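Please open the model in your viewer and keep the selection panel at hand. The stops below are meant to be followed in order.

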Amino acid sequence: MSKKAKTAINPTRSEDYPEWYQQVIRAADLAEVSPVRGCMVIKPWGYALWENIQSELDARFKATGHKNAYFPLFIPLRFMQREAEHVEGFAKECAVVTHSRLEAGEDGQLTPAGPLEEPLIVRPTSETIIGELFAKWVQSYRDLPLLINQWANVVRWEMRTRLFLRTAEFLWQEGHTVHASSEEAMEETRLILDLYADFAESYMAMPVIKGEKTEGERFPGALNTYSIEAMMQDRKALQAGTSHFLGQNFSKASNIQYLDKEGQKLHAWTTSWGVSTRLVGGLIMSHADDNGMVCPPRLAPAHVVILPVTPKEETRNQVLEHCDKLAREIRDLTFDGKPIRVEFDDRDLRGGEKMWQWVKKGIPLTVEVGPRDLESDSVFVGRRDNGPQERKGMPRTEFINSMSSVLQEIQDNLHQRAKDFREANTCSIDNKEDFYDFFTPKDKDTNEIHGGFAKAHWAHDTEAEDRLQKDLKVSIRCIPEERTGEPGTCPFTGKPSEGQVVFAKAY
RNA sequence: CGGGACGUAGCUCAGCCUGGUAGAGCGCCGGCUUUGGGAGCCGGAUGUCGCAGGUUCGAAUCCUGUCGUCCCGACCA
């Protein structure tokens with residue numbers, strides 16, 4: 001006869017996962033759908049998450065020798081046509097600008113006028129326009145390597161959109177590099193993959209599998225695509241970042257050539273790599289729970305909120321002053337080498353409601369301070385990685401002294417939790433029946449959470465891959481860098497396989 | 001872009017079948033009460049019923065078109 005626990009987010013994850021996801025975004029005030037089809041408005045709390053992602057990644061790019069630059073939003077149509085596979089990959093989702101002005105007609109309606117001689121496409125990615133410029137910038141082996149990154153928005157005209165995970169316009173970072181040799185370009189590709197993986201694990205607290213994409217999942221125009229793959233709480237995979245070895249495809253298409261020491265003119269080798277605001281979606285689906293968002297401390301817009309409890313008018317000012325002092329004290333502390341970010345919420349709202357707003361936003365720590373705490377010089381602390389009822393009192397000094405390490409503990413705890421979840425839902429499968437069973441829901445009508453990551457042998461057989469996509473909507477997420485198990489036999493074709501790959505349903 | 005569902009107050013939704021000019025709960029504003037917790041009572045504000053046509057004396061309600069959202073599929077970061 002246990003009554004269902006009251007949750008801040010309804011439905012819960014197990015009841016209706018896609019709806020839960022949207023409700024978390026709303027409850028935490030991260031973003032909302034805009035009046036523009038397929039585009040989202042990122043609100044301050046959500047944008048702050050992105051800014052924190054940006055600032056850490058930006059520092060890491062710079063630490064590895066990359067420089068930021070900015071290239072045009074518009075790309076002349078003919079640039080797109082230079083690389084055949086690239087065109088094919090992106091043509092279907094390009095926004096095209098065809099006119100240069102608006103004119104008011106008889107009825108006062110504005111209509112496009114002044115057709116452009118050559119239509120412009122809004123960048124879905126910038127390989128072609130950047131290649132055009134790189135061809136000018138690169139003349140000699142002395143110009144290499146050329147390591148450029150751009151923070152930008154891109155547009156891909158998607159049919160089906162979901163906040164953060166897939167929107168028509170999104171924010172991202174795209175790195176584009178040029179190298180003298182294949183080896184060096186490949187080294188760069190792998191360096192960035194490692195950089196992304198380390199960032200995901202240590203900042204996003206999101207465990208990822210590094211690996212190579214199969215031919216079918218490759219970036220259009222790339223020779224090799226590498227990705228980091230994370231498991232979301234519905235056990236589906238999210239491709240969280242990609243790094244592409246482009247070989248000489250784009251240097252040939254854009255004519256990026258250099259003179260080597262011997263005076264020979266050679267085509268350069270290029271790479272490109274990116275992560276997007278999709279990472280925020282990954283953050284939500286990795287850590288948020290049935291009470292809302294859960295921010296990993298290292299990326300949290302704020303680490304702690306001070307909530308004054310002012311039950312009596314007489315003690316109100318005293319409490320507020322005390323809280324203000326506490327806020328200043330906390331601002332002098334550091335976590336992760338930066339000042340601790342503290343909010344002081346003295347809005348005239350009821351305590352309980354205020355508390356829940358911050359729970360839903362996923363702030364790592366809440367501190368409630370009331371008149372009784374003043375007397376004992378203590379504080380009442382809640383950790384977001386614990387249940388909302390598990391808050392406890394402690395001396396103020398203890399709280400202050402332990403704060404930095406507690407934030408790190410929360411960070412580690414979220415990471416461990418996500419890792420355990422992934423391990424619990426990952427299995428190794430050797431025969432077709434078990435594989436189909438693993439990826440088939442018990443009750444087809446309820447959209448229940450099922451499946452997970454399946455490691456199974458595969459013999460580089462595209463037909464088998466397509467079959468599974470068709471039958472089960474399961475794809476090969478990657479050929480993991482660290483292969484597990486011995487060589488074996490593909491359970492679908494019986495062909496010999498050199499190792500297992502990771503299968504999953506994906507976003 | 002195909003299949004389905006749905007657009008009514010900030011949010012969740014009722015009303016539509018059987019046309020007669022708009023409702024609830026939550027939220028918001030004000031007052032009182034309450035106060036270590038998502039409060040209670042009283043009062044109040046808020047809607048060209050997605051948009052455009054059509055049928056009708058009269059349309060949230062019926063018809064057509066259109067735009068948007070969500071779910072499923074194809075495609076994709």
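Begin by colouring domain 1 and domain 3 separately in this predicted model, and look at where they meet: about 1,500 Å² is buried between domain 1 and domain 3, and carbon and sulfur atoms contribute 56% of that area. On the domain 1 side, select I209, T214 and R235, the residues that lose the most area to domain 3, together accounting for 34% of what that side buries. If you widen the selection to every residue in contact, you should have 20 residues of domain 1 against 17 residues of domain 3.

Next, show side chains across this boundary. Four salt bridges are counted between domain 1 and domain 3, and R190 and E481 form a salt bridge in which the closest N and O atoms are 2.5 Å apart. Seven residue pairs are found in polar contact across the interface of domain 1 and domain 3, with both residues of each pair at pLDDT 80 or more. Switching to a cartoon, pick out α6 (182–202), β9 (208–212), β10 (224–231) and β11 (237–247), each of which supplies at least two residues of the side of domain 1 that touches domain 3. Colour that side by residue class and it divides into ten charged, five polar and five nonpolar residues.

Now zoom out to the whole of chain A, which is divided into domain 1 (34–287), domain 2 (304–422) and domain 3 (426–504). A distance drawn between the centres of domain 1 and domain 3, taken over C-alpha atoms, comes to 29 Å.

The next selection is RNA strand B. Which residues are closest to RNA strand B? They are R160, R166, R278, V309 and K473, within a set of 39 residues that surround the strand. Of the atoms of RNA strand B that come within 4 Å of the protein, sugar and phosphate account for 41%. The residues of this surface comprise 18 charged, eleven nonpolar and ten polar ones.

To see which helices take part, select α1 (17–27), α10 (351–361) and α11 (371–376), each supplying at least two residues of the surface near RNA strand B; the largest share, four residues, comes from α10.

Finish with three individual approaches to the strand. At G38, a polar backbone atom is 3.0 Å from a phosphate oxygen of RNA strand B. At S276, a polar side-chain atom lies 3.4 Å from a base nitrogen of RNA strand B, whereas at P371 a backbone N or O atom lies 3.5 Å from a base oxygen of RNA strand B.

Technical notes
Residues are numbered from 1 along each chain as its sequence is written. Chains are lettered from A and ligands numbered from 1 in the order in which they are written. This is a predicted model: local features need pLDDT of at least 70, side-chain atom pairs count only at pLDDT 80 or more; totals for chains, interfaces and linings use all residues. Side-chain values use heavy atoms; hydrogens and water are left out. A residue is near a molecule or strand if one of its heavy atoms lies within 4 Å of it. A polar contact is a pair of N or O atoms within 3.5 Å; within protein, one must be able to donate a hydrogen and the other to accept it, and residues adjacent in sequence count only if both atoms are side-chain atoms. Ala, Val, Leu, Ile, Met, Phe, Trp, Tyr, Cys and Pro count as nonpolar, Asp, Glu, Lys and Arg as charged, and the others, Gly among them, as polar. Domain bounds come from an automatic or database domain assignment. Contact means heavy atoms within 4.5 Å. Buried area is the accessible area (1.4 Å probe) that two parts lose on being put together, summed over both. A salt bridge is a side-chain nitrogen of Lys or Arg within 4 Å of a carboxyl oxygen of Asp or Glu.
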